[in-house]
Amino acid sequence: MTDDTILSLWAAEVDRLAESTRTEYRRYLDHLARDLDVSLREATTLDLKAWPAERDWAPPTRAYAIRALKSLYRWMAAEQLCDDVAAPLKLPPVTEPPVRVADDVIHRALMAAAQSKRVSVAATIRNKGHAGWHGGVVA
């Protein structure tokens, strides 16, 4: 079974992932398959540790790529294609800067500016009907 076939089967079966996540994971996994000196089934934990480490990626990018590896190899192990050689991989620490969100005063000002229809304003607002903060464009 070729690496491309394995990746296509994996992508078709991991429906728990959002389509955009599956697409991004597949992009990383395609690069991995091209960069390895062996097939995906023959790769070792050391091969998988070295691959993201050899790239000049920021920690969030490296973490995303490692999540893709873990997803693929967890699936491959479940399908008995190989052992889960990605299981020992550790995610790098990722510190994200705090995001300033719009308080009620800023939200009212943005809404007033948007009402003029002369301005399109990008804002992060709290949607009272849903948990968390949501980004959006007020036009």
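**Notes on the helix packing**

1. Let's start with the first two helices of this predicted model. Helix H1 (residues 3–13) and helix H2 (residues 19–35) pack with their axes 11 Å apart, at an angle of about 165 degrees. The two are therefore roughly antiparallel (an angle over 145 degrees). Axes here are lines fitted to C-alpha atoms over the stretch in contact, with angles from 0 to 180 degrees between N-to-C directions.

2. Which residues make the contact (heavy atoms within 4.5 Å)? H1 brings Asp 3, Asp 4, Leu 7, Ser 8, Trp 10 and Ala 11, while H2 supplies Arg 22, Tyr 25, Arg 26, Leu 29, Asp 30 and Ala 33. By type, the contact of H1 with H2 has six nonpolar, one polar and five charged residues.

3. Next, have a look at helix H3 (residues 45–53), where Leu 48, Trp 51 and Pro 52 are buried (under 20% relative accessible area, 1.4 Å probe, protein chains only). Seen down the axis of H3, the buried residues fall within an arc of 80 degrees, so they line one face of the helix. They pack against H2 and helix H4 (59–78). Leu 46 and Ala 53 are exposed (over 50%) on the face turned away from the buried side.

4. For the chain as a whole, there are five helices and two strands (DSSP runs of at least four and at least two residues). Their pattern along the sequence is α-α-α-α-α-β-β. Of the 139 residues in the chain, 30% are buried.

5. On conventions, residues are numbered from 1 along each chain as its sequence is written. Local features need pLDDT of at least 70, side-chain atom pairs count only at pLDDT 80 or more, and totals for chains, interfaces and linings use all residues.

How values were computed:
Side-chain values use heavy atoms; hydrogens and water are left out. Angles under 35 degrees count as roughly parallel, over 145 as roughly antiparallel, 65 to 115 as roughly perpendicular and the rest as oblique. Contact means heavy atoms within 4.5 Å. Ala, Val, Leu, Ile, Met, Phe, Trp, Tyr, Cys and Pro count as nonpolar, Asp, Glu, Lys and Arg as charged, and the others, Gly among them, as polar. The arc is that of the directions from the helix axis to the C-beta atoms.
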